[in-house]
Amino acid sequence: MLFILSVLFVASLFVYAYSVIANFERQLPLKTNSTLILIAHPDDECMFFGPTIASLKSRSKARLHVLCLSTGNADGLGATRKKELTRSCQVFGIPGSNVQVLDIPELQDGMKNTWSPDMIAASLKNYVTKNKIDTIITFDEYGISGHPNHIAAYHGAKQFVDHQARDVRLYKLKSIRLPRKYIGVVDLLTIELEKRLWPDATIAEFVSSPGTYLVTHKAMRQHESQLIWFRWLYVTFSRYMFVNQLVPVV
């Protein structure tokens, strides 16, 4: 058993090194001048979208924006979390002027709160028009963790693009099954297998180098109010700290 784990670990490091080099050598998979990362709560940007943000910031001249649909006030820390989000985005190199946090009664953080796609679409229309956004990146219909606010962000973005902004490209962050979420770079073995069995050239893949992983880790540390023990485990083992797969929504 120990031998098998050792082989798996070495193979994972090899594939990770290969993926990092390939990620830098190939052309950036997204063509964009102004990209909006649409999230549901402060800290989503680094817990889930870190590899995408870090890659776009370091490898393109695109303007990056973050629109957060709630203050994350489920525990009464909304005002604190807004400030933490701004600091986190600044670690990524996104200026505070490109970060907006909404505080709308109909869009409050909570597992039992149902968010209206119409409300999200209306909020997107204002931001996208004002900032000339050509690409939106958000969660998919499973919301990575199944959180209803994440799922609502996807449905609101899709409604907006389908009915009001057909010229805006929409990408969703691919959700994966639970066992794969917390195996870090080992999941790259599964990704490489999937590529060979079910090739899909439309998926945009971003892999963090050790340096950009540390940037994402530093961004997460700006969310001091959220750094309880299990989030330390998350930032150490989550594959979303190392790799993002974005699927175009058509």
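## Exercises on a predicted model

I203 is located in the loop that runs between α9 (187-197) and β6 (204-207). The structure is a predicted model, and the exercises below begin with this residue.

### Exercise 1

Determine whether I203 is buried, exposed or partly exposed, and state which residues I203 contacts beyond four places in sequence.

**Solution.** The relative accessible area of I203 is 23%. Buried requires under 20% and exposed requires over 50%, so I203 is partly exposed. With neighbours within four places in sequence left aside, the contacts of I203 are Q245, L246 and V247. As for D140, 63 residues separate it from I203 in sequence, and the C-alpha to C-alpha separation in space is 13 Å.

### Exercise 2

Identify the residues with the most contacts inside the largest nonpolar core, and describe the surroundings of I136.

**Solution.** The largest nonpolar core comprises 71 residues, and F49, L124 and I136 have the most contacts inside it. Helix α7 (residues 148-164) supplies the largest share of this core, namely six residues. Next, consider I136, again without its neighbours within four places in sequence: its contacts include L36, L38, L124 and V128. Further contacts of I136 are F160, V161, V168, R169, L170 and Y171.

### Exercise 3

Locate H65, and decide whether H65 is buried or exposed.

**Solution.** H65 belongs to strand β2 (residues 63-68). Its relative accessible area is 3%. Because buried means under 20%, H65 is buried. Not counting residues up to four places away in sequence, H65 touches S34, T35, L36, I37, N98, Y127, N131 and I133.

### Exercise 4

Describe how helix α4 packs with helix α10, and classify the residues of their contact.

**Solution.** Helix α4 (residues 78-92) and helix α10 (residues 210-221) have axes 8 Å apart and pack at an angle of about 165°. An angle over 145 degrees counts as roughly antiparallel; α4 and α10 are therefore roughly antiparallel to each other. Their crossing is right-handed. From α4, the residues S88, V91 and F92 meet V215, T216, K218 and A219 of α10. By class, the residues of this contact are four nonpolar, two polar and one charged.

### Exercise 5

Carry out the corresponding analysis for α10 and helix α11.

**Solution.** The axes of α10 and helix α11 (residues 229-237) cross at roughly 165° and come within 10 Å. This angle makes α10 roughly antiparallel to α11. The crossing of α10 and α11 is right-handed. On the α10 side, Y213, H217, M220 and R221 take part, and they meet R231, W232, V235 and T236 in α11. The contact of α10 with α11 has four nonpolar, two polar and two charged residues.

### Exercise 6

For K132 and I144, give the phi angle, the place in the structure and the degree of exposure.

**Solution.** K132 is not a glycine, yet has a positive phi of about 55°. This residue sits in the loop between α5 (117-131) and β4 (135-139). With a relative accessible area of 66%, K132 passes the limit of over 50% and is therefore exposed.

I144, also not a glycine, has a positive phi of about 65°. I144 lies in helix α6 (residues 143-146). Its relative accessibility is 4%, so I144 counts as buried.

Notes:
Residues numbered from 1 in each chain as written. Predicted model: local features only at pLDDT ≥ 70, side-chain atom pairs only at ≥ 80, totals over all residues. Heavy atoms only, no water. Core = buried A, V, L, I, M, F, W, Y, C linked by side-chain atoms within 4.5 Å. Buried < 20%, exposed > 50% of the residue type's maximum accessible area, 1.4 Å probe, protein only. Helix = DSSP H or I, 4+ residues; strand = E, 2+ residues; numbered from the N terminus. Contact = heavy atoms within 4.5 Å. Axes fitted to C-alpha atoms, helices over the stretch in contact; angles between N-to-C directions. Parallel < 35°, antiparallel > 145°, perpendicular 65-115°, else oblique. Left-handed = near helix turned anticlockwise from the far one by under 90°. Nonpolar A, V, L, I, M, F, W, Y, C, P; charged D, E, K, R; others polar.
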